[in-house]
Amino acid sequence: MESRNLFLSMVSREILDQPLPRNLQRRNKLIESCIRGVTIVKGDLNSSPEALTSLLASNHINRAFLVTDFSQGTDKETEAGQNFVRSAQNAGLEHVVFTSAEGAQRQSNVPRFDSKFEIEKTLKISGLGYTILRPVAFMDIFPLKGGFLRFMVLGLFGAALGSRKTIQLVAVQDIGHFGAEALAKPKEYAEEEIGLAGDELTIPQVQYGGRWNAWVAWIPSFLLYLLPSDVRQMFKFFANGGFIVNINALRNRHLGLLSFEDYLRLKYKGDK
């Protein structure tokens, strides 16, 4: 839920040009409040199609930014996403922006990616205007605060990638930028499928990036087999170079696209 609220916060910020609170509790309240006349309407993706259609229609919603949650299981994620798409179709929405995952379109064999691809397929045949955003791994996955958690996260990525393989990363802020752009300019972004990445780094480059110089746990690669199967598949996907976004082309489209160093600089500045 935290990641979904962060997505929505960033899109709201980009649309409304509203300063985003650093505190997570305050950030979530931003999602649940009214900002400059924009009313946030609560709904449940798991409610009946009739109820969801009624909610969309009665509130005169014509564009939507859809983020799904795999935490309750990928089958339920697919069902919830497809339920929303069909409800949006019945309610006559103009455009849906869906945040999927880069690699989902290439049979990734990562369950949390494959579930999103099933939603993509439903959206494409729905007749709705749509834009599909496909972010890579989030820069936010690496904890800013030094300590055991960051030590272990870097260690797990190091075990999967070694010291030479790279992984593409994206700042959630940049996902928010493209989400807001697609909602504001649906005709310009109609039927676009956009991979989102702002940097491509080895784990040592992440380790020593910006102001970090972080410690990394040494974890033998065979221990990755002890992880849950879906997480293990995801790390395997990372190790096999699963993300292939053209970062230079994307930066030409959005000059403010953040590198990992840019991201750290902004985060540490904001936390002062």
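A salt bridge is taken here as a side-chain nitrogen of Lys or Arg within 4 Å of a carboxyl oxygen of Asp or Glu. The exercises below concern a predicted model.

**Exercise 1. Examine the network of salt bridges that contains Glu-193.**

*Solution.*

Step 1. The network links Glu-120, Lys-124, Arg-134 and Glu-193. Under the rule given above, the structure has 13 salt bridges.

Step 2. Consider the pair formed by Glu-193 and Lys-124, whose side chains meet at 3.0 Å, N to O. Glu-193 belongs to strand β6 and Lys-124 to helix α5 (residues 111-124); with their positions 69 residues apart, the pair links distant parts of the chain.

Step 3. Glu-193 also meets the side chain of Arg-134 in a salt bridge, at 2.8 Å, N to O. Because Arg-134 lies in strand β3 (residues 129-135) and Glu-193 in strand β6, this pair ties together parts that are 59 residues apart in sequence.

Step 4. Assign the exposure classes. Buried means under 20% relative accessible area, and partly exposed lies between that limit and 50%. Arg-134, at 4%, is therefore buried. Glu-193, at 35%, is partly exposed, and Lys-124, at 34%, is partly exposed as well.

**Exercise 2. Determine which parts of the chain are linked by the salt bridge between Asp-140 and Lys-267.**

*Solution.*

Step 1. The side chains of Asp-140 and Lys-267 meet at 3.9 Å, N to O. This distance satisfies the 4 Å limit, so the pair counts as a salt bridge.

Step 2. Asp-140 is in the loop between β4 and α6, while Lys-267 is in helix α11. The two residues are 127 residues apart, and the pair links distant parts of the chain.

Step 3. Asp-140 has a relative accessibility of 26% and is therefore partly exposed. Lys-267, with 23%, is likewise partly exposed.

**Exercise 3. Describe the surroundings of Leu-169, starting from its strand.**

*Solution.*

Step 1. Leu-169 is found in strand β5, residues 166-170. An open sheet of 3 strands has the order β4-β5-β7, with mixed pairing. Its edge strands, each pairing on one side only, are β4 (137-138) and β7 (199-202).

Step 2. Strands β4 and β5 run parallel and are joined by 2 bridges. Ala-137 stands opposite Leu-169.

Step 3. The relative accessibility of Leu-169 is 0%, so this residue counts as buried.

Step 4. Beyond residues up to four places away in sequence, Leu-169 touches many partners, among them Val-136, Phe-138, Phe-142, Asp-199, Leu-201 and Phe-260. Phe-260 is 91 residues away in sequence, yet the C-alpha atoms of Leu-169 and Phe-260 are 7.5 Å apart.

**Exercise 4. Identify the residues that touch the most other members of the largest nonpolar core, and the elements that supply this core.**

*Solution.*

Step 1. The core has 53 residues. Those touching the most other members are Phe-142, Phe-157, Leu-169, Phe-238 and Phe-260.

Step 2. The elements giving two or more residues to this core are α6 (148-161), β5, α7 (172-184), β6 (192-196), α8, α9, α10 (247-253) and α11 (260-270).

Step 3. Take Phe-238 as an example. Setting aside neighbours within four places in sequence, Phe-238 is in contact with Phe-157, Leu-161, Thr-166, Ile-167 and Phe-243.

Step 4. A second, separate core has 17 residues, including Leu-45, Phe-84, Val-85 and Phe-98.

**Exercise 5. Decide whether Thr-78 and Tyr-225 are buried or exposed, and place each residue in the structure.**

*Solution.*

Step 1. Thr-78 is in helix α4, residues 74-91. Its relative accessibility is 14%, so Thr-78 counts as buried.

Step 2. Apart from neighbours within four places in sequence, Thr-78 is in contact with Ser-115, Glu-118 and Ile-119.

Step 3. Tyr-225 is in the loop between α8 (203-207) and α9 (229-239). Exposed means over 50% relative accessible area; Tyr-225, at 63%, is therefore exposed.

Step 4. Together with Phe-222, Leu-223 and Leu-226, Tyr-225 makes a nonpolar surface patch of about 510 Å².

Definitions and conventions: Residues are numbered from 1 along each chain as its sequence is written. This is a predicted model: local features need pLDDT of at least 70, side-chain atom pairs count only at pLDDT 80 or more; totals for chains, interfaces and linings use all residues. Side-chain values use heavy atoms; hydrogens and water are left out. Helices (H or I, at least four residues) and strands (E, at least two) are DSSP runs, numbered from the N terminus. Buried means under 20% relative accessible area, exposed over 50%, partly exposed in between (1.4 Å probe, protein chains only). Contact means heavy atoms within 4.5 Å. Patches are made of residues with over 30% relative accessible area and no salt bridge: like charges are joined within 9 Å, nonpolar side chains (Val, Leu, Ile, Met, Phe, Trp, Tyr) within 5 Å. Accessible areas come from the Shrake-Rupley method with a 1.4 Å probe; for residues, only the protein chains shown count as cover. A nonpolar core is a set of buried Ala, Val, Leu, Ile, Met, Phe, Trp, Tyr and Cys residues joined through side-chain atoms within 4.5 Å. Two strands pair if DSSP finds at least two bridges between them.
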